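Reader: I should like to learn how the features of a helical protein model are read. May we go through them one by one?

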Amino acid sequence: MELNYLSIWDYIIFGIVLGISAAIGIYFRFTGGKQKTIQEYLVADRQMSAIPVAFSLMASFISAITILGVSSEVYNYGTQFLLINFAYVLGTPIVCYVYLPVFYKLRIYSVYEYLERRFGKTTRLIASAAFLLQMILYMGIVLYAPSIALSAVTGLSKIGAILSVGIVCTFYSTIGGMKAVLFTDVFQSFLMLAAVICVIIQGIYEFGGVSEIWKIAEKGQRIDFWEFSTDPTHRHTFFTQIIGGTFMYLGLYAVNQAQVQRLVSTRDLRTARLSLWYSLPILMILSFSTGLAGLVIFAKYKDCDPIFEKRIQSPDQVLLRLIPLPPPHSPMLYRKNVKTYHLSTVTSIICRGFLQTPPWCYRTIHCRHFEWFTIHLLFCH
């Protein structure tokens, strides 16, 4: 399989992106309250506005696995998967008006506090242990899977990619607390959108417009939104995407510690609800854009499947395979951002790790102890 090696400019841009993320952490370490209280460190003093939280909610939901996976899904199987976006529309008001008021009324830091108050310490400890195990395993996948894909296509060192992203994530999360996490998520959100748009622009440049890409996809039977089959063995249907997608959304936005922690960092319940409503169109724009990128890939490779021709080894590499095509230099942004997509996801896991402990613990331990815990969490993992 031929490789498209990164140039010195690729590494420079990658370094700049990581450097900006680290600088945001340093800024919030030495400004404001300087992360001296648990409330500031874990929930940004509960003073955040809706816009940064909205972008952060989206960024923690999307990782490099999502970007590579959705584009590959559309390339291989069509657009049926994208119906899941309408499940997000159904799930958002449920989170806003059913779940959020409960957490705000209790003024809790963690969803596991609710479990302890409702069902006792044993339930909290069991749920926390299960969740920590899940997140530790998930962190490994989030870091390792995109590194494999990039390494296979570009020759980038897997170990170097994992360590660079992991160390930077740990650094700014540790010293900057929730404020740093939120604002790096905003920065990374714009990178995500810009990178996917670069691929779409590349396709428009080559094929002469979205309409031409759409026609090619229609001829290749990749445009399919209305599959109403009740066969449970069917890959995706209207029912699986709407019903299953709604429950998935509730699991991720209503009771997942990463999202709840962001939502309770806002000034009040109204602001938290606004942040959820603002995040919805942002999430849908990125999702549909990633799907369109999958159609661009299909238009390019409809007659020369790179997997069949042994130019790549697995479907998740197909988007990266598109990178070297003209116009020159614009795909460079995408190539770098595949590695930065999961910065926000990893930091979400790190922040969640703080909150699996009982409330008496994190309300009495000094913030510096949390910093050391974060460092150990990364390197023990």
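Author: Let us begin with handedness. A crossing is right-handed if the near helix is turned clockwise from the far one by less than a right angle, and left-handed if anticlockwise. In this predicted model, the crossing of H4 and H12 is right-handed.

Reader: At what angle do helix H4 and H12 pack, and how far apart are their axes?

Author: Helix H4, residues 64-77, packs on H12 at an angle of about 50°, and the two axes are 7 Å apart. H4 is therefore oblique to H12.

Reader: Which residues of H4 and H12 meet?

Author: From H4 come Ile67, Val70, Ser71, Val74 and Tyr75; these meet Leu286, Ser287, Thr290, Gly291, Gly294, Leu295, Ile297, Phe298 and Tyr301 in H12. Sorted by class, the contact of H4 with H12 holds nine nonpolar, five polar and no charged residues.

Reader: How is the crossing of H5 and H12 to be read, and at roughly what angle do their axes cross?

Author: An angle over 145 degrees counts as roughly antiparallel. The axes of helix H5 (residues 84-106) and helix H12 (residues 269-301) cross at roughly 160° and come within 10 Å. H5 and H12 are therefore roughly antiparallel to each other. In its crossing with H12, H5 passes in a right-handed sense.

Reader: Which residues of H5 and H12 make the contact?

Author: On the H5 side they are Asn85, Phe86, Tyr88, Val89, Thr92, Pro93, Val95, Cys96, Tyr97, Leu100, Pro101 and Tyr104. On the H12 side they are Leu269, Ala272, Arg273, Leu276, Trp277, Leu280, Leu283, Met284, Ser287 and Phe288. The residues of this contact of H5 with H12 comprise 18 nonpolar, three polar and one charged.

Reader: Let us turn to the interior. How many residues has the largest nonpolar core, and which have the most contacts inside it?

Author: A residue counts as buried when its relative accessible area is under 20%. The largest nonpolar core has 73 residues, and Ile62, Tyr253, Leu276 and Leu286 have the most contacts inside it. H12 supplies the largest share of this core, 15 residues. Apart from this core lies another, of ten residues, including Leu18, Leu143, Cys169 and Tyr172.

Reader: With which residues is Tyr253 in contact, leaving aside neighbours within four places in sequence?

Author: Tyr253 is in contact with Leu57, Met58, Phe61, Val95, Gln259, Leu263, Leu276, Ser279 and Leu283, with those neighbours left aside.

Reader: How does one read a charged residue such as Lys179: is it buried or exposed?

Author: One compares the relative accessibility with the cut-off for burial, under 20%. Lys179 has its place in helix H8, residues 158-207. Its relative accessibility is 15%, so Lys179 counts as buried. Not counting residues up to four places away in sequence, Lys179 touches Phe28, Gln35, Glu40, Ala44 and Asp45.

Reader: Val181 is also found in helix H8. What is its relative accessibility?

Author: Val181 has 0% relative accessibility and therefore counts as buried. Its C-alpha atom is separated by 10.0 Å from that of Val53, although Val181 and Val53 are 128 residues apart along the chain.

Reader: What is the case for Ile141 in helix H7 (residues 121-154)?

Author: Ile141 is partly exposed, with a relative accessible area of 47%. Ile141 and Ile65 are 76 residues apart in sequence, and their C-alpha atoms are 8.6 Å apart in space. Apart from neighbours within four places in sequence, Ile141 is in contact with Ile65 and Pro146.

Reader: How should the backbone angle phi be read?

Author: Most residues other than glycine have a negative phi. Arg46, although not a glycine, has a positive phi of about 55°. Arg46 is found in the loop between helix H2 (38-43) and helix H3 (50-61), and it is buried, with a relative accessible area of 5%.

Reader: And what of Gln221: where is it found, and is it buried or exposed?

Author: Gln221 lies in the loop between helix H9 (210-219) and helix H10 (238-253). Gln221 counts as exposed, at 68% relative accessibility. Its phi is positive, about 60°, although Gln221 is not a glycine.

Reader: Finally, how many helices and strands does the protein chain have?

Author: The secondary structure comes to 17 helices and zero strands. Of the 381 residues in the protein chain, 56% are buried. Among contacts between residues at least 6 apart in sequence, 82% join residues at least 24 apart.

Technical notes. Residues numbered from 1 in each chain as written. Predicted model: local features only at pLDDT ≥ 70, side-chain atom pairs only at ≥ 80, totals over all residues. Heavy atoms only, no water. Axes fitted to C-alpha atoms, helices over the stretch in contact; angles between N-to-C directions. Helix = DSSP H or I, 4+ residues; strand = E, 2+ residues; numbered from the N terminus. Parallel < 35°, antiparallel > 145°, perpendicular 65-115°, else oblique. Contact = heavy atoms within 4.5 Å. Nonpolar A, V, L, I, M, F, W, Y, C, P; charged D, E, K, R; others polar. Core = buried A, V, L, I, M, F, W, Y, C linked by side-chain atoms within 4.5 Å. Buried < 20%, exposed > 50% of the residue type's maximum accessible area, 1.4 Å probe, protein only.
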